[in-house]
Structure formats: structure tokens, C-alpha cells
Amino acid sequence: MRPFVLKAAATALTMATTVASALFVTSHLKNPAAPLQPSVLTVSRNDVGGLIVGPSVQAADVEPVTSTYAS
Amino acid sequence: MRPENSIESHHFEALGTTCALFAVGLARARLLEAEDWTRRTGARLTRFSPDSELSILNASAGRWVDVGAELEAVLRESLLAFELSAGLVNVAVLPAMLAAGYTRSLAEGPTVATLDARGVPRLPDVLEVGRGRARIAPGSGVDLGGIAKGWMADRLCEMFGPNFVANLGGDLRAAGAGPRGDGWPVGIGGTTLALRDHGAATSSVRRRRWGAALHHLIDPRSGLPARTGLDEVSVVARSAVEAEVVAKTALVLGPDLAPAYCARHALAYWLEASHDG
């Protein structure tokens, strides 16, 4: 009798934990429609042929002292 | 904006290209010291001199060879570049470069190309680096190329900073606030950017070419000169060597994948498509 009770209790505990986890996860989704990351994968081929400057680099309004070039 | 400080500059020919150094608040003698370091280090890292450390390593046929701190550091940087580029920047392209006819400095002219499409081995499979020593598998060889120039530009700024620019044939590092306090004005893609503790590099198939489809930039996937739809890529990154790796990777990736790769890895970038389609 006792082994049967232990098995039944373990099964019930497992199922209850599974249901509780599923409920917890689904109730904490902030935005199910959020796009996958990284967002840079949406960059298009139109970026070929232009200078793309990120926020950590600033343009300067003076003549360059030197340049990067192919050598 | 602060008033502009005077810039000390020095230009010289080394590493098979034109080098330029700029500094604020540094005596000219120190720039000459920087030139001397550049020449001495370049002489150890070149494959065009049979007596260089690199040539001795390339000729070692699988034996462990003692290497200096500079060569060890650049070899380790090359292994990192292989990882960062998912294998597209692979200094083990030397046998493919030789097959393409790039057997000596292009100032002496190319030799006959004996192209045969063969993949380039994975760098970690053929290069081992230990403390003060390295080993290259028999039949393999490395050309440190732009990685060595980028690494040297980074080291020059460490040694001669804090307000210093090293431009070694287009692989450059700008350290410090520059002459006006808002960064060093550096040209990239026809625009001037204020670089402050940044690196920049350009990778191109327009230079160092000696035939319609023969140039120095080998695609490790084919073992042949890259033909990807991009002719030139310029990149700004956190260091010169990183900019070199990102630019070369983008060029090999081609116009479909390079924008996304650069958006992820570059701070600024310029991609130029091939005109011949």
C-alpha cells in the first residue's frame, strides 16, 4: 500500500509543478509579439554604398589629418 | 571646443606601404623612435625576408620554433581573428597566396599563378602557440598581412600615447582626444569622423592585384582570390586589429551578408560594391 501512495504522491507533485510552471511562464510574457534579436538582422542591402555611423562615433567638421585606405 | 593644439607628424615608407604618425604633446624624437620600432618589428613579422622570425617559423616544417614576444602576440591575435570571423580571416592562406602568384613583394612584381581550388586548413589545426614558441604543420604557412599592421598600430598608440595616431598603410589607431579635444579627425568613406580611442581599417581587392581575377585577398573557403560583389570595405572599431578583421570578413561575406555583420561588429562602416558585377 505504501509504495503505491508514494508513487501517486510523486506523480501528483510532478504534474502540479508542471502546471504551475506553465501558468507562471505564460502570465509573465511581456510582449509575445516582440521580434527576435539581434535586430541588426533587419539591416538591408541598401547599406552598400554609403557610410553608416553608429552612435559612439561622431562626425567632424574639419579636414582629416589622415585617412584609412587600401594599401 | 578647446583651441587647436599643434600636431607633430612624421611620414615614412615601411612595411611595403606608407606609414604616418601624428601626436599632440610629443617631441619629434619620440616619433622617430616610433618609426624605428615599426621598422624593427615589421622586419620580424614579414614573410618577404627569408631571415625574418616569421619566415623561419614558416620553414620549420612542423618543429617547435622559439619566437619573440611580438610574433607570439600577433600569432595569438591571428587565432582570435579566426574565431571572430568564423574562419574567414585565416592567416594560413599563405600556400594559396603563393599559388595565386603573390610570392614576393609586389614592388618586385608577381610571379606565375598556378591556381588550383583547394580549401585553406583551419588555422587552429595547423598553428600552435606556446609561451615563447610556436609550431606550424608541415606544408602550411602563415601571412600575417593586415593583422600585423593593425596590431602594430595598436601597440604604437599604447607606447607613444596618450594623444597619438598611427596609420600603417590604412590600418590606423587613434588614441586620445586629438588636437581640439573632440577626437582625431580621420577620413573614412569620403567623410571625416572624430575618432577617440578607435581603430579603422580598409580592406580592398582594388590594390595589390595583378590580373583580372588575381589579387591578394584569398577566400579561405575556396583558396582562390575572393570574388564576392564587394570591392572595398572600411570599418571603424574599438581597435585597429579589430577593424582589420571586421573589414576583411565583410569583404569576403559579400553584399548580402556584410551589412548585417558590420552592423553587429563595427562602430561605423563603408561598403563599396564591385563595378564589374
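**Exercise 1. In which loop of chain B is the place of B:Ala86? Classify its burial and its phi.**

Solution. This is a predicted model: local features need pLDDT of at least 70, side-chain atom pairs count only at pLDDT 80 or more, and totals for chains, interfaces and linings use all residues. Residues are numbered from 1 along each chain as its sequence is written, and chains are lettered from A and ligands numbered from 1 in the order in which they are written.

- Step 1. B:Ala86 sits in the loop between α3 (69-84) and α4 (94-99) of chain B. Helices (H or I, at least four residues) and strands (E, at least two) are DSSP runs, numbered from the N terminus.
- Step 2. A residue is buried if 20 or more other C-beta atoms lie within 10 Å of its own, exposed if 12 or fewer, and partly exposed in between; C-beta atoms are placed from the backbone. B:Ala86 has 10 C-beta neighbours inside 10 Å, so it counts as exposed.
- Step 3. Phi of B:Ala86 is near 55°, a positive value in a residue other than glycine. Most residues other than glycine have a negative phi.

**Exercise 2. Is B:Leu15 buried or exposed? Locate it and give its phi.**

Solution.

- Step 1. The loop between β1 (7-14) and β2 (17-24) of chain B holds B:Leu15.
- Step 2. B:Leu15 counts as buried because it has 21 C-beta neighbours inside 10 Å.
- Step 3. Its phi is positive, near 60°.

**Exercise 3. Describe the surroundings of B:Leu123.**

Solution.

- Step 1. B:Leu123 belongs to helix α5 (residues 123-126) of chain B.
- Step 2. Its 23 C-beta neighbours inside 10 Å make B:Leu123 buried.
- Step 3. Two residues are in contact if their C-beta atoms, placed from the backbone, lie within 7 Å. Leaving aside neighbours within four places in sequence, the contacts of B:Leu123 include B:Ser78, B:Phe82 and B:Val91.
- Step 4. B:Gly161 is 38 residues from B:Leu123 in sequence and 33 Å away in space, C-alpha to C-alpha.

**Exercise 4. Which peptide bond is cis, with omega near 20°?**

Solution.

- Step 1. The bond runs from B:Gly161 to B:Pro162.
- Step 2. B:Pro162 lies in the loop between α6 (145-160) and β6 (164-168) of chain B.
- Step 3. Most peptide bonds are trans.

**Exercise 5. Which strands pair with β13(B)?**

Solution.

- Step 1. Two strands pair if DSSP finds at least two bridges between them.
- Step 2. Strand β10 (residues 198-204) of chain B pairs with β13(B) in the antiparallel sense over six bridges. Here B:Thr202 stands opposite B:Ser234.
- Step 3. Strand β14 (residues 268-273) of chain B also pairs with β13(B), antiparallel, over six bridges. B:Glu232 stands opposite B:Glu272 in β14(B).
- Step 4. Seven of the eight residues of β13 (residues 230-237) are buried.
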